[in-house]
Amino acid sequence: MVLVIVILCLVVLGIILVQIGKISELAGSIRGEEDVERQGNSTQSKLMLLFLPLFLIGCIASGLYYKNYMLGYGPHESASEHGLALDSIFHTTFVVTGVVFLLTQIALFYFAWKYKFDRKKRASFISHDNTLEIVWTAIPAITMAFLVINGLVAWNEVMADVDEGEEVMEIEAMGQQFAWLLRYPGADGKLGERDYRAISSTNPFGQVWEDRANLDDFHPSEIVLPVGKKVRVRITAKDVLHNFDIPHFRVKMDAVPGMPTYFVFTPTITTEEYRQRLKEYPEYHELEDPTDPAGPKMWEAFDYELACAELCGKGHYSMRRVVKIVEEEEYLAWLEKQNAHYTSQIKGKEGLDPYYSASIVKEETQALVTETENEKHSEDHSH
Amino acid sequence: MTELTSNATEEKLVQELGYDDHFHEHHDGDKFQSNFITTYVFSLDHKVIARQFLITGIFWAFIAGLMSLVFRLQLGFPEEDMAWLRPFLGKWVTLSEEGVGAISPEFYYAMVTMHGTILVFFVLTAGLSGTFSNLLIPLQLGARDMASPLLNMLSYWFFFLGGLIMFLSLFLSTGPFSGGWTAYPPLSILPQASSGSGAGMTMWSLSLVMFVVSVLLGGINYISTILNLRTKGMTLWRMPLTIWTFFITAIVGLLSFPVLASAVFLVFFDRSLGTSFFLNEINIGGEALAQSGGSPILFQHLFWFLGHPEVYIIILPAMGMVSEVLSVNSRKPIFGYKAMVFSVVAIAFLSFIVWAHHMFMSGVNPFISNFFVVFTLIIAVPSAVKVFNWIATLYKGNVRLNAASMFSIGFVSMFISGGLTGIFLGNSAIDIQMHDTYFVVAHFHIVMGVAAFFGMFAGIYHWYPKMFGRHMNKLLGNIHFWGTMISAYAVFWPMHYLGIAGVPRRYYSFDVFQTFDHFDDMNKFITIAAFAVFLFQLVFVLNFFYSIWFGKKQTKKNPYGATTLEWTTPIEAIHGNWPGKIPTVQRWAYDYSKDGTDYLPQHLPKQDFESDEVH
Ligand code: HEM
Ligand SMILES: [Cu+2]
Ligand SMILES: [Cu+2]
């Protein structure tokens, strides 16, 4: 019903438009073409002149209105070390392009008004101007060189992998349809081997339990990181492409099946500190959920979030994980509470645990095992 | 001086100086124009084929525009009841227990994918360059038709076939392809990963292969026509910029589209023949795939080796037409003709060595990105030169503001806005934050989507008389221009802010994340503006079709006082374009307001009063 009305309205509107069009043509033939043309040109050129300030003011005002929501502005200084460098390149580029934007748009619409058609005038025959053209080729070239150099210096620093032997914490994020799975290395600081063929409901990463580095790895449901510590995220994918995206840290990298990628960054602002920053801005005093007046304000509810930024199927928009940046002590306390996946899910289960038979006989043979190991050791030494 | 450019003198010039190829003494071609089918359906005449491309393009633009309304509804009004869409969309609108309808995510992604594919390939490649290359190459060069009218006809029908296949895929029960217009594997290969990657992807691939065939047939034709069939005196450096851009576009298309075809074939092999070009260590649906050892990134290289040149295939013809329309309506030569040609050539060349700027965050070696950053930002230089030249063309001109010239001015404005954001994205350091956000969506819609449409509109309004012997209504044209200009900026400008706030593109819903969920008002605003854009396009469609039959008749052969040869052909279009001899060319295409004249047409020999001018 509504649809019929809408269609009818459109049809009527169409007829009206056609009639208006016709009338304008008729009026034109009565008044004479020249007259119509002159008038048309003068109206349109005035509109050009009117559009220019409205357009520019609209651009600037809307930008100011949304400023405090945008990363790199207001409270949203980068929460990672490298992000500061990236933000500063953004700002430089913004200033440079902003100037060009204003000058060219102004010239464009101003000329369209200024040089509007007049039968009595002639245009100037200007076909080219070598000096001018050299100048306006050289200026963009130099500007670009400046931006490129700044950009590439930062880029190569940000994307550099950790140096060999550098003390760095490594965690893994694996994208799958439709969630991020997380893995921490546990006490040994090493992520164990994986095999995509070993993935199952009980072994979501396909960890190879024969690799003992796996035994203490745990799978938290949030990323928790100590502030000020460099972290290397190993980014992997189980099924299709995903993208590991934490906007507040300026971190983004595709997750590719069969080809681990990485991103190295150092969080510099704890979640709590970020909330305090947001608190300074009235925008963040609104309710997080407008329908729930008792609920938290936006700044109170704030959390860093991990998202997916590469189309991966129908649930692409829902791969949320919370990222918490905390002080060192809090981090250690959190670590305490985590259980290794092996211990909680695999250990002692027949068919899952390759050490199963070993674990049954373990008690009785514990002494034996230690003995043989000791023997082996001394053998090694004697060689 | 007026007698120089009166209809009678121009006619006399063609007769006196024209070149007689005895075309009309041979009548073997006439049988191809003898009945309705051969005249309007399987026509060999470039002017008819041009109109076929245009009307098919308008059809596809309408479909793709409707699709964008559907997914904008979801983004702007996610809470509204969409049950009223059920009669059209059927099961793709799911009903909750209370009977509240919602657009399903699968369908949302299918719409986004179809929208992108259709607009990029069917509308802005075929509809734009297919229409105007066909219409203008023979007319502006002084040729009777294309080098091979048969291939030309086939080019249209392969395009039609590709479109038909894509259209039919919309009705598949598993849905059309839904993995994005870029079709990245493994998503596009594995039906387990997405229902659209089943039959939908098969038909998508088939459709694109047909399309590539169409582009190649068209391209070969454009190139050979331009190289071989120029009339006497039409040296390369006398060609209008339109022809230059069609020429370069065709070369770029010829070199890049086969690579898309090869990528699609490899995807097909992976899907159907068990190869693993793009599959590696995949575990999906609780099962490890036997196919392994390939690289999904390889596909991205192949895709963007076409994909980046493709965006220039779209924009270059628009640039050419805008140059021409601006020059005619400013009554001034285009500023820096040679610089314009050189920058088009430079852009075309560079467009082949920047593709990996779409892949900075895809896991390619970050060192490699250094080269792509450098080449990408070099492209900004010829682009800037073109902008300066257009603005300088207006300077001290005598500018007639009609729909065509205003759309050209709008084009320049859009190209500036969108080109400048390219400078952010091309700098890989900034792209870390911006990649796959709404900032990219804003960038390419403004610089390519809207700008190319504006170029196309400029072309349609300007050359409408050459297509239909009538004029489009001026008032409706002006309404169309201002409405579109304002509402298109209203749609795409705010998207920059979303992108800088970190909101990713291709999200069905923003309410899962706090970070992305603060923009309900803006999303509503954008959706409303998108509806406005669509309504203003209906004004255009109305004007277009109404004017075919009822528009104001073209009375003057050369209504705009333009220098180029298409305006020497009779108002009533004929087979072979010129009734008698073909005009010969005596000068470049931009002698406007020279030495006190209004314009000196290309077929007018040098006059005594003229000064020597080096361009
Ligand atoms: C000043 C020159 C330009 C530069 C430096 C530039 C740079 C870029 C970069 C780096 C990207 C990738 C962004 C990302 O995905 O993270 C991009 C995306 C894009 N650009 Fe440009 N661009 C320029 C001009 C153009 C022009 C003239 C067009 C079309 C006519 C265009 C069309 C596109 C399209 C369609 C995409 C997005 C494709 C997709 O991911 O779906 N760009 N541009
Ligand atoms: Cu995803
Ligand atoms: Cu590109």
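The dialogue below reads a few features of a predicted model, from its sheets to its metal sites.

Colleague: Before we start, what should I know about how this model is numbered and filtered?

Modeller: Residues are numbered from 1 along each chain as its sequence is written, while chains are lettered from A and ligands numbered from 1 in the order in which they are written. This is a predicted model, in which local features need pLDDT of at least 70, side-chain atom pairs count only at pLDDT 80 or more, and totals for chains, interfaces and linings use all residues, and side-chain values use heavy atoms, with hydrogens and water left out.

Colleague: How do I read a sheet, and in which order do the four strands of the open sheet in chain A stand?

Modeller: Strands of a sheet pair through backbone hydrogen bonds, either parallel or antiparallel. Strands (E, at least two residues) and helices (H or I, at least four) are DSSP runs numbered from the N terminus, and two strands pair if DSSP finds at least two bridges between them. In chain A, four strands form an open sheet in the order β2-β1-β4-β7, with mixed pairing. Its edge strands, β2 (179-183) and β7 (261-265) of chain A, each pair on one side only.

Colleague: In which sense do β1 and β4 of chain A pair?

Modeller: Strand β1 (residues 169-176) and strand β4 (residues 231-237), both of chain A, pair in the parallel sense over seven bridges. Along this pairing, A:Gly175 stands opposite A:Ala237 in β4(A).

Colleague: Is strand β5 of chain A mostly covered or mostly open?

Modeller: A residue is called buried when its relative accessible area is under 20%, exposed when it is over 50%, and partly exposed in between (1.4 Å probe, protein chains only). Strand β5 (residues 242-246) of chain A is mostly covered, since five of its five residues are buried. A:His242, A:Phe244 and A:Ile246 point one way from β5(A), and A:Asn243 and A:Asp245 point the other way.

Colleague: Which strands does β5(A) pair with?

Modeller: One partner is strand β6 (residues 251-255) of chain A, which pairs with β5(A) in the antiparallel sense over five bridges, and here A:His242 stands opposite A:Ala255 in β6(A). The hairpin of β5(A) and β6(A) has four residues between the strands, and in it A:Arg250 takes a positive phi near 55°. Another partner is strand β8 (residues 304-308) of chain A, which runs antiparallel to β5(A) and is joined to it by two bridges, with A:Asp245 opposite A:Ala307 in β8(A).

Colleague: Turning to metals, which residues are the protein donors of the copper ion (ligand 3)?

Modeller: Donors are N, O and S atoms within 2.8 Å of the metal (3.2 Å for Na, K and Ca), and water is not among the atoms, so sites may look incomplete. For the copper ion (ligand 3), the protein donors are B:His308 (ND1), B:His357 (NE2) and B:His358 (NE2), lying 1.8 to 2.1 Å from the ion. Along the chain these donors follow the spacing H-x48-H-H. Distant parts of the chain are linked in this way, with B:His308 in helix α9 (residues 296-330) of chain B and B:His357, 49 residues apart from it, in the loop between α10 (337-350) and α11 (366-394) of chain B. B:His308 is buried, with a relative accessible area of 5%, and B:His357 is buried as well, at 15%.

Colleague: What is the protein donor of the iron atom of ligand 1, and how far apart are this iron atom and the copper ion (ligand 3)?

Modeller: The only protein donor of the iron atom is B:His443 (NE2), at 2.2 Å, and B:His443 lies in helix α14 (residues 438-468) of chain B. The iron atom of ligand 1 and the copper ion (ligand 3) are 4.5 Å apart.

Colleague: How many helices and strands does chain B have, and how compact is the chain?

Modeller: Chain B has 16 helices and six strands. The radius of gyration is taken over C-alpha atoms, and the globule rule is 2.2 Å times the number of residues to the power 0.38. For chain B the radius of gyration is 25 Å, close to the 25 Å that the rule gives for 615 residues, so the chain is as compact as a globular protein of that length. Buried residues make up 68% of the 615 residues in chain B.

Colleague: Which residues does B:Ser547 touch?

Modeller: Contact means heavy atoms within 4.5 Å. B:Ser547 lies in helix α16 (residues 520-550) of chain B and counts as buried at 1% relative accessibility. Not counting residues up to four places away in sequence, B:Ser547 touches B:Tyr464, B:Arg470, B:His471, B:Met472 and B:Asn473.
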